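I sat down with this one to see which local features would repay a look. Here is my notebook, in the order I looked things up.

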Amino acid sequence: MTSLDPTPALTAQRFLAINQRNVDTELRRIATGLFINSGADDPAGLIAAENLSKEIRQAEAEARAAERNDAIANIAEGALAEVSNLLVEAEGLAVSSANTGGLSDAEIAANQQQFDSIVGSIDRIFSSARFNGQRLFSGNFDIPAATSDGTGMTLPELSIGDFGSTQISDGSGGTVTRRLIDVSTSAVELGSPDAQSIIDTASSTINSLRGEIGSFQANTLNTISNSTLVRLENQTAARSIIQDTDYAASMVNLTTYDITGRATMAALGSINERLGQVVSLVG
């Protein structure tokens, strides 16, 4: 006798509903590119992916900060390089002016005018070297390494002093400390040994600071930037493994669900046909 038990039909409907949910899930993953679109997809994976996203945003901010600080160092180095070139020219004028027997008074006066122009240019360079509106050589500016290195450790920074024609040289004439501006105001004669000592000291000071900036860029800023970028790359790859859609697997799953769905529909149709036959016999 043909059974009227509806259980097979209900079972088929249940599996058909499950199959449709699986299809919807895979289509959503393919459309969004994300394996995890809600906590229901993978609760633990969602937590891990969100934590990695937070760390990635932090690493991105640190990388931008390192690039910004390297740009500040480049501005300072460019200004110092130009000042160094001017001091080389100033030293040549001092040496030339020391040859009083071979130069006329007019030539020495011309050298003095040129030297005065160099001193003025040095002051303008130090005054105009700025970043984001702040003077770099005011004595109150520090170049930080970065906002953080991801470990919570205190990072080093480079302090830049107060520079200008009244600060960068410290030559000594007797008991009186002389500076570059003194040679410009004729407090020290351009051709005197004191003038040459002042210019030489100024050059040494500038070159020393250039070396400090170069070392800071190479050994601190570049190191932090490189390590941050490596960390960012690895964190992004880890998040991708957890969160991103595996398109090949999703397409395989869709094909499987399509076959399963078709088979379930066929089974449900067969069950419904059998039940229809029973109903017709009873009627």
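My entries below cover a helix, a pocket, some rings and a few backbone oddities.

**Entry 1: what I am looking at.** I kept in mind that this is a predicted model.

**Entry 2: helix α1.** I started with α1, which runs over residues 7-32 and has 26 residues. I checked its span: the first C-alpha to the last covers 38 Å, close to the 38 Å expected at 1.5 Å a residue. Next I asked which residues of α1 are buried. My list reads Ala9, Ala12, Asn19, Val23, Thr25, Glu26 and Arg29. I reminded myself that an α-helix has 3.6 residues a turn, so residues three or four places apart point the same way. Just after α1 I found Gly33, with a positive phi of about 80 degrees.

**Entry 3: charges over rings.** I then looked for arginines sitting over aromatic faces. Arg14 lies over the face of Phe15, and I noted 4.7 Å from the ring centre. Arg29, on my buried list for α1, has its charged end over the ring of Phe35, 3.9 Å from the centre.

**Entry 4: the largest pocket.** What volume does the largest pocket have? I wrote down about 150 Å³. Its lining is made of Ser97, Ala98, Thr100, Ile108, Gln112, Ser186, Val188, Glu189, Leu190, Gly191 and Ser192. The elements giving two or more residues to that lining are α2 (43-98) and α3 (105-128). Sorting the lining by character, I got four nonpolar residues, six polar and one charged. Ser186 caught my eye for another reason: its phi is positive, about 70 degrees, although it is not a glycine. I placed Ser186 in the loop between α4 (180-184) and α5 (193-243).

**Entry 5: aromatic pairs.** How many aromatic pairs does a search of the whole structure find? It returned three. I followed up the pair of Phe126 and Phe137, which is edge-to-face at 4.9 Å centre to centre, with 70 degrees between the planes. Phe126 lies in helix α3 and Phe137 in the loop between β2 (134-135) and β3 (138-144), so this pair ties together parts that are eleven residues apart in sequence. Are these two rings buried or exposed? Buried means under 20% relative accessible area. Phe126 has 1% relative accessibility, so I count it as buried. Phe137 has 0%, so it counts as buried too.

Phe126 turned up again with Phe163, in a stacked pair: 5.8 Å centre to centre and 25 degrees between the planes. This pair links distant parts of the chain, from Phe126 in helix α3 to Phe163 in the loop between β4 (157-162) and β5 (171-173), 37 residues apart. Phe163 is buried, as is Phe126. I put Phe126, Phe137 and Phe163 down as one aromatic cluster.

**Entry 6: Asn132.** I also noted Asn132, which is not a glycine and yet has a positive phi of about 55 degrees. Asn132 lies in the loop between β1 (130-131) and β2. With a relative accessible area of 62%, Asn132 is exposed.

**Entry 7: Pro144.** My last look was at strand β3, where I found Pro144. Pro144 is partly exposed, at 30% relative accessibility. I also checked Pro144 against Ser159: they are 15 residues apart in sequence, and their C-alphas are 8.6 Å apart in space.

Notes: Residues are numbered from 1 along each chain as its sequence is written. This is a predicted model: local features need pLDDT of at least 70, side-chain atom pairs count only at pLDDT 80 or more; totals for chains, interfaces and linings use all residues. Side-chain values use heavy atoms; hydrogens and water are left out. Helices (H or I, at least four residues) and strands (E, at least two) are DSSP runs, numbered from the N terminus. The expected span of a helix is 1.5 Å times one less than its number of residues. Buried means under 20% relative accessible area, exposed over 50%, partly exposed in between (1.4 Å probe, protein chains only). On a 1 Å grid over the protein atoms alone, a cavity is a set of points where a 1.4 Å probe fits but cannot get out, and a pocket is an open set with protein on both sides within 12 Å along at least five of seven lines; lining residues have an atom within 4 Å of a point. Grid points are joined across faces, edges and corners, and a volume is the space filled by probe spheres set on the points. Ala, Val, Leu, Ile, Met, Phe, Trp, Tyr, Cys and Pro count as nonpolar, Asp, Glu, Lys and Arg as charged, and the others, Gly among them, as polar. Rings of Phe, Tyr and Trp (its six-membered ring) pair if their centres lie within 6.5 Å; planes under 30 degrees apart count as stacked, over 60 as edge-to-face and the rest as tilted. A charge sits over a ring if NZ of Lys or CZ of Arg is within 6 Å of the ring centre and within 35 degrees of the ring normal.
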